[in-house]
Amino acid sequence: MNLRFFQVTALFLALAPISKTLAQSVTALKTEYLVNPIGIDNPNPRFTWQMNDARQGAKQTAYRALVDTDSASLVKISAKLWDTGWVKSDDNLVIYSGQALKPFTKYFWRVDIADESQKKSNNAYIANFETGMMKMENWQGAWISDNENTKLKPAPYFRNTFTTTKKIRSARAYIAAAGLYELSINGKKIGNHRMDPMYTRFDRRTLYVTYDVTKAISKGKNAIGILLGNGWYNHQSTAVWYFDRAPWRNRPAFCLDVHITYEDGTTETIKSGKEWKTALSPIIFNSIYTAEHYDARLEKAGWNTPDFDDADWKNVMYRSAPSKNIVAQAMHPIRNVEEIASKSLRKFNDTTYLFDLGRNISGVSKITVSGPAGTVIKLKHGERLYTNGHVDISNIDAHYRPTDNTDPFQTDILILNGKGEQSFIPHFNYKGFQYVEVSSSAPIQLKKEDLVGYFMHSDVPVVGEVKSSEPIINKIYYATNNSYLSNLFGYPTDCPQREKNGWTGDAQIAIETGLYGFDGITIYEKWLADHRDEQQPNGVLPSIIPTDGWGYEWGNGPDWTSTIAIIPWNVYLFYGDKKLLADCYGNIRKYVNHIDETYPTGLTTWGLGDWIPVKSKSPVELTSTCYYYADVVILAKAAKILGKNDDYEKYMALAKKIKDAFNARYLNKEKGIYASGVQTEMSVPLYWKIVPEESVALVAQNLAKRVEADGFHLDVGLLGTKAILNALSENGYSNIAYKVAAQKTYPSWGWWMENGATTLYENWPIDAKSDISMNHIMFGEIGAWLYKSPGGIKPDEKQPGFKHVILDPHIMEGLNSFEASHIGPYGKIVSAWKRINNGIRYDITIPANSTATINLPLTHGMNNYVNGKINNIGKIDLAAGKYVIEHKTP
């Protein structure tokens with residue numbers, strides 16, 4: 001941003017009249033759902049904003065969007081590249097359709113809005129974005145590596161120097177890698193990302209990242225350093241999923257362009273090529289799956305600085321690009337989001353210590369230690385302890401198949417250099433753990449402060465909050481969010497320790513929990529692109545995505561891989577954005593058509609079924625057919641939204657065929673019972689709305705009776721967990737749902753909390769002999785249920801993106817107060833209630849430019865008061881604003 005911009009902006013602000021009538025402004029400007037992003041490839045980026053106006057009934061009636069390369073022009077409300085003019089609309093999402101965007105260019109944009117009185121905001125807030133490569137042919141650098149030996153264990157360093165003689169205006173580094181990397185310039189790491197680039201199917205799509213390196217480059221001689229890690233690209237550890245046999249596997253490689261623009265307008269590109277030098281680093285082994293080994297004696301001090309002597313370094317080699325599709329990583333990155341001090345330290349002896357972080361996390365530990373050169377320190381990370389106090393990893397190494405003892409699971413190895421105190425933190429690995437057992441080959445002295453943990457995950461903004469008067473509910477919500485974030489690493493995973501796999505079933509269960517609590521659209525758009533990369537021509541998807549090929553033959557089916565439909569649909573509901581539905585429409589259709597062709601009766605037995613149930617087992621055909629039905633209904637709705645009317649008619653007819661066949665097979669209409677009547681068999685059909693309308697009440701009643709007969713405890717697995725609380729709450733039994741949710745005895749979420757859990761587990765019994773990871777998200781639907789039932793906040797598919805909010809808060813026996821809030825595309829929605837002496841008080845906030853409908857109780861002898869005025873209507877329409885609603889005796 002140049003000096004002229006600041007001068008003009010200052011003049012504009014100084015001359016702007018102060019008007020009390022101008023109550024609204026525009027806020028939360030984002031490009032592609034990111035704030036001022038750089039390195040965008042989309043030629044038609046999406047712009048979103050919010051109306052900042054607390055007045056009752058505030059509404060946008062028109063907008064005007066402008067885009068230019070000159071920020072000063074926008075201050076004057078003028079644009080050469082794109083000016084929509086004033087558009088009569090209350091939309092807050094617009095897709096760029098101006099002059100073609102050029103690569104490597106910074107663009108500025110603003111949007112002005114008019115309110116319900118046609119008063120214009122005319123605020124001077126200007127956002128920006130930068131384009132990246134945009135096309136493959138714009139890369140100038142070469143793909144380089146040190147060799148092609150996949151078995152070579154040490155990670156490679158790369159370096160090159162260049163000289164600048166002119167003053168730099170701006171500089172951007174564009175780097176793509178097969179594997180993982182860390183970029184440094186003049187001895188300092190660039191950025192605070194971890195684990196870049198995000199994991200994809202490397203031979204079909206490779207991601208590159210853009211960095212602003214203007215301040216990192218000095219006039220004169222400069223040095224660029226690259227450290228490469230294996231990641232999922234060169235998987236050297238062996239486990240049951242065979243990533244060591246991946247078809248793309250090779251020694252890590254990278255391609256780099258650094259674009260420099262000088263003050264005189266000239267440009268220069270520093271790029272990767274044959275002039276670069278390489279050497280092996282002190283990271284003598286690194287595995288995304290197990291851990292990292294570091295020999296500090298091999299450190300090359302100053303290796304990434306300009307004056308380092310690299311005469312004995314080797315030449316690099318050219319490599320072909322891993323794929324022909326190298327695209328921008330336009331998403332929230334992985335970071336060390338939170339530093340966690342050790343809660344306690346136990347010393348067994350002079351060579352063995354146990355650190356306890358006090359909570360289970362995904363991430364890494366950092367140790368600070370000193371000792372004699374050659375001292376070997378092992379840091380074993382785990383989730384639980386043996387009775388003797390040592391770390392027990394038997395619950396998380398079940399699928400590891402080591403070929404020798406040189407790569408212990410979740411155990412970093414540090415070899416000291418003897419040069420005083422040193423710190424170690426892994427570069428290319430993360431783990432799932434609460435405890436770190438430190439053992440050394442020679443006596444060392446450690447204090448509690450010498451080890452900290454870093455909670456690592458995709459750094460998605462928090463957009464939701466839940467507060468309850470019941471402590472166990474607050475603990476469950478906290479644990480659910482911890483597990484959700486622990487399993488978000490550029491794609492949703494099942495667990496951060498044993499697998500790190502993108503299990504589709506876990507992700508479809510947790511999608512609403514994730515979207516209520518976090519702004520995750522960039523992660524899910526990336527992951528659904530992974531789906532499109534992995535889908536077979538016949539429509540089949542694997543059960544883990546991305547995959548090396550494992551999962552096409554086991555674990556997939558509509559109960560798991562319905563992610564292809566369920567996730568785009570939920571993103572549409574939460575954001576009001578059709579793009580992901582449109583991008584995946586052909587894939588959903590191909591998937592549905594495959595099931596239709598394979599199971600022409602409308603009933604399908606394809607799937608895993610209700611995974612990890614408490615005790616009752618439900619037919620796979622029952623649960624999978626419900627998911628198949630859900631996919632077809634989503635496909636039909638998407639067809640209508642996208643204007644594909646013939647498809648809409650076709651798939652609505654298919655949905656009816658499935659529904660009729662399902663109910664003929666499983667519903668005893670006279671008794672209102674599905675199959676044998678256990679919780680999953682009753683709740684899954686209710687949740688996915690495959691139950692005939694005339695049978696809903698009786699089926700729900702029987703479900704409630706069944707839950708009561710089960711002592712208000714769960715008797716479900718993965719699929720039943722998604723359905724049970726919702727099926728009860730949505731059909732008049734929210735009090736029973738709450739009794740289940742707030743249980744403190746086995747089996748329940750609260751039982752885990754009562755036994756010290758800070759995350760969600762993989763199995764209901766804590767002492768299970770298998771499937772007992774202590775950081776899974778697959779039972780995490782309760783997080784979304786808290787928003788939907790006691791909170792009562794739901795999107796309206798007729799006006800998605802919370803343009804219209806459905807408010808249906810359930811007052812539950814056993815709760816004295818509850819509050820849920822969610823920041824949607826239009827702003828913050830608040831739904832809070834508490835018991836008062838003579839009734840219930842609701843505090844409601846509806847953001848500007850949106851509306852709501854609230855369902856209120858109608859009780860004999862009690863009135864509803866909306867902001868002090870009687871309104872005894874069960875359903876009340878609310879404009880934007882804040883409301884105090886009381887349901888009380890007169």
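The exercises below concern a predicted model.

**Exercise 1. The nonpolar cores**

Task: State how many residues the largest nonpolar core has, and which helix gives the largest share of this core.

Solution: The largest nonpolar core has 212 residues. Among those with the most contacts inside this core are W749, W752, W785 and I844. Helix α9 (residues 620-641) supplies the largest share, 13 residues. A second, separate core has 28 residues, including I226, I260, I270 and V316.

For I844, list the contacts beyond four places in sequence: L807, V830, S831, A832, I854, L878, G881, K882, Y883 and I885.

**Exercise 2. The pair α12 and α13**

Task: Classify the angle between helix α12 and helix α13, and describe the residues of their contact.

Solution: Begin with the axes of α12 (residues 696-709) and α13 (residues 718-729), which come within 10 Å and cross at roughly 120 degrees. An angle over 145 degrees would count as roughly antiparallel, and 65 to 115 as roughly perpendicular. The pair is therefore oblique. The crossing of α12 past α13 is left-handed.

Next, take the residues in contact. Helix α12 contributes L703, A704 and V707, and helix α13 contributes I724, A727 and L728. Sorted by type, the contact has six nonpolar residues, no polar and no charged.

**Exercise 3. The setting of H293**

Task: Decide whether H293 is buried or exposed, and name the residues it touches.

Solution: H293 lies in strand β20 (residues 292-295). The relative accessible area of H293 is 6%. Buried means under 20%, so H293 is buried. Leaving out residues up to four places away in sequence, H293 touches P282, I283, I284, F285, T406, D407, P408, T411 and I413.

Note on methods:
Residues are numbered from 1 along each chain as its sequence is written. This is a predicted model: local features need pLDDT of at least 70, side-chain atom pairs count only at pLDDT 80 or more; totals for chains, interfaces and linings use all residues. Side-chain values use heavy atoms; hydrogens and water are left out. A nonpolar core is a set of buried Ala, Val, Leu, Ile, Met, Phe, Trp, Tyr and Cys residues joined through side-chain atoms within 4.5 Å. Buried means under 20% relative accessible area, exposed over 50%, partly exposed in between (1.4 Å probe, protein chains only). Helices (H or I, at least four residues) and strands (E, at least two) are DSSP runs, numbered from the N terminus. Contact means heavy atoms within 4.5 Å. Axes are lines fitted to C-alpha atoms, for helices over the stretch in contact, and angles run from 0 to 180 degrees between N-to-C directions. Angles under 35 degrees count as roughly parallel, over 145 as roughly antiparallel, 65 to 115 as roughly perpendicular and the rest as oblique. A crossing is left-handed if the near helix is turned anticlockwise from the far one by less than a right angle, and right-handed if clockwise. Ala, Val, Leu, Ile, Met, Phe, Trp, Tyr, Cys and Pro count as nonpolar, Asp, Glu, Lys and Arg as charged, and the others, Gly among them, as polar.
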